[in-house]
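Me: I have a protein model open and I'd like to learn how to read its features. Can you take me through it?

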Amino acid sequence: MATPLPAFVARRRPDWDALRALLARQRAGTLRLDELRTLDTLYRRAASDLAHAQTFYPATDAHRFLNQLCGQAYAAIYQPPRERWEAVRGFFWRDFPATLRTEGRFVATSGGLFVLGLLLGALVVLLEPRGAELLVPEGVRSYVAQGRMWTDDLLSVAPPNAVSSSIATNNLTVIIFTFASGILLGLGTVFTLVNNGVQIGAIAALCSREGLGGALLDFVSAHGPVELSIIVIAGGAGLMLGQALIDPGELPRGQALALRGKAAVKLVLGCAPFLAAIGAVEGFISPGSLFPTWLKAGLGLTLGTLFWTYLLRAGRGEALSSTRLR
């Protein structure tokens, strides 16, 4: 025999009220991490109460109340709200490009360090041919000595999707290390940028000297502009960490690092989808002779221009509008 409805409501009402309170806090964005388990537990109890009410108290106010409460809880726990997707859109349309523009001096410094490495590596190999033995990996030197590009066999060893995945993983590793090494007072990032620049410059000089400059351009032109830009942006994020530790201003170093770290992480996270996309270009388009060099170069210039136009222009109109409103 079912419990009388008033007794059932009186016994279960505290849990329902607690669930409503947690849902209100979840909508307001003030729910703590340790309260998520409580929210899930209370939802499961309310769902059980709803099943009980459907059986013994159908079409009552208690039944309708529980049906609405469980629907709200289910949406909060299992269905991502539209606001979450709006937040993602806002991040990529406003926050990421705006952060890059605000921290442009760090990105510019990173670019300068990378170009310095390029010039050093190229000059060493051009002025002292034996410098390639020190700066260029042995596997690359072996291919160049045979008059071949080390990228010629990429698609014969693995299909394009596997090549793309491997390249994206490697690029992500480089980006994360370039950024994270900034915690060493920025010195790790400086070394990584210059070292990468030196190696790329040395390889380019060696290929040019051995008559493979055109082949190298054929391979790098499609993905190079965006990929190198992302490395430079990650370097700028790493330099931000170093600056926060060296010159925290009036803040304690830990607090300055946390504050600057949030902005730096935005730069790295913002680059992630572009890094994945350019990895696909490097895996499917850059290797081999399926696409002519002029098409690859045109694609690379177009992608690079679109990427930097987005970074320098996205969200400016909205920012100006909000400024006028204030």
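**Pockets, cavities and loops**

Reply: Sure, let's begin with the lining of the largest pocket, where H9, helix H10 (187-209), helix H11 (213-220) and helix H12 (224-246) each supply at least two residues. Keep in mind that this is a predicted model.

Me: Which helix gives the largest share of that lining?

Reply: That's H10, with nine residues of the lining of the largest pocket.

Me: How much space lies in the largest pocket, and which residues lie nearest its centre?

Reply: The general idea is that rolling a probe the size of a water molecule over the atoms shows where empty space is left. Here, the largest pocket holds about 1,200 Å³ of space. Its lining runs to 35 residues, and Ile200, Phe219, His223, Glu227 and Glu282 are the ones nearest the centre.

Me: How do the residues of that lining divide into nonpolar, polar and charged?

Reply: For the largest pocket you get 20 nonpolar, 13 polar and two charged.

Me: And cavities? How many are there of 30 Å³ or more?

Reply: A pocket is open, whereas a cavity is a space where the probe fits but cannot get out. In this model the count is one cavity of 30 Å³ or more. The largest cavity has a volume of about 40 Å³.

Me: What lines the largest cavity?

Reply: Look for Leu172, Ile175, Ile230, Val268, Cys271, Ala272 and Leu275. Two elements give two or more residues each to this lining: helix H9 (160-180) and helix H13 (253-284). H13 gives the most, with four residues. The lining of the largest cavity has seven nonpolar residues, no polar ones and no charged ones.

Me: Now, where in the chain is confidence lowest, and where is it highest?

Reply: The general idea first: where pLDDT is low, the predicted coordinates should not be read in detail. In this chain the mean pLDDT is 87, and 93% of the residues reach 70 or more. Confidence is lowest in helix H15 (residues 316-325), with a mean of 49, and highest in helix H5 (residues 104-127), at 96. Over residues 319-326, pLDDT stays under 50, and the model has zero contacts there beyond four places in sequence.

Me: Let's try single residues. Is Ala59 buried or exposed?

Reply: The cut-off to know is that exposed means over 50% relative accessible area. Ala59 has 60% relative accessibility, so it counts as exposed. You'll find Ala59 in the loop between helix H2 (36-56) and helix H3 (61-78). Check its backbone too: Ala59 has a positive phi of about 65 degrees although it is not a glycine.

Me: Which loop holds Leu185, and what is its phi?

Reply: Leu185 sits in the loop between H9 and H10. Its phi is positive, about 55 degrees, although Leu185 is not a glycine. Leu185 counts as partly exposed because its relative accessibility is 46%, and partly exposed covers the range between 20% and 50%.

Me: One more: where is Pro137, and which residues does it touch beyond four places in sequence?

Reply: Pro137 is in the loop between helix H6 (131-135) and helix H7 (138-145). Leaving out residues up to four places away in sequence, Pro137 touches Gln199 and Ile203. Try comparing sequence with space as well: Pro137 and Ala202 are 65 residues apart in sequence and 9.9 Å apart in space, C-alpha to C-alpha. With a relative accessible area of 32%, Pro137 is partly exposed.

Technical notes
Residues are numbered from 1 along each chain as its sequence is written. This is a predicted model: local features need pLDDT of at least 70, side-chain atom pairs count only at pLDDT 80 or more; totals for chains, interfaces and linings use all residues. Side-chain values use heavy atoms; hydrogens and water are left out. On a 1 Å grid over the protein atoms alone, a cavity is a set of points where a 1.4 Å probe fits but cannot get out, and a pocket is an open set with protein on both sides within 12 Å along at least five of seven lines; lining residues have an atom within 4 Å of a point. Grid points are joined across faces, edges and corners, and a volume is the space filled by probe spheres set on the points. Ala, Val, Leu, Ile, Met, Phe, Trp, Tyr, Cys and Pro count as nonpolar, Asp, Glu, Lys and Arg as charged, and the others, Gly among them, as polar. pLDDT is the predictor's confidence in each residue, from 0 to 100. Contact means heavy atoms within 4.5 Å. Buried means under 20% relative accessible area, exposed over 50%, partly exposed in between (1.4 Å probe, protein chains only).
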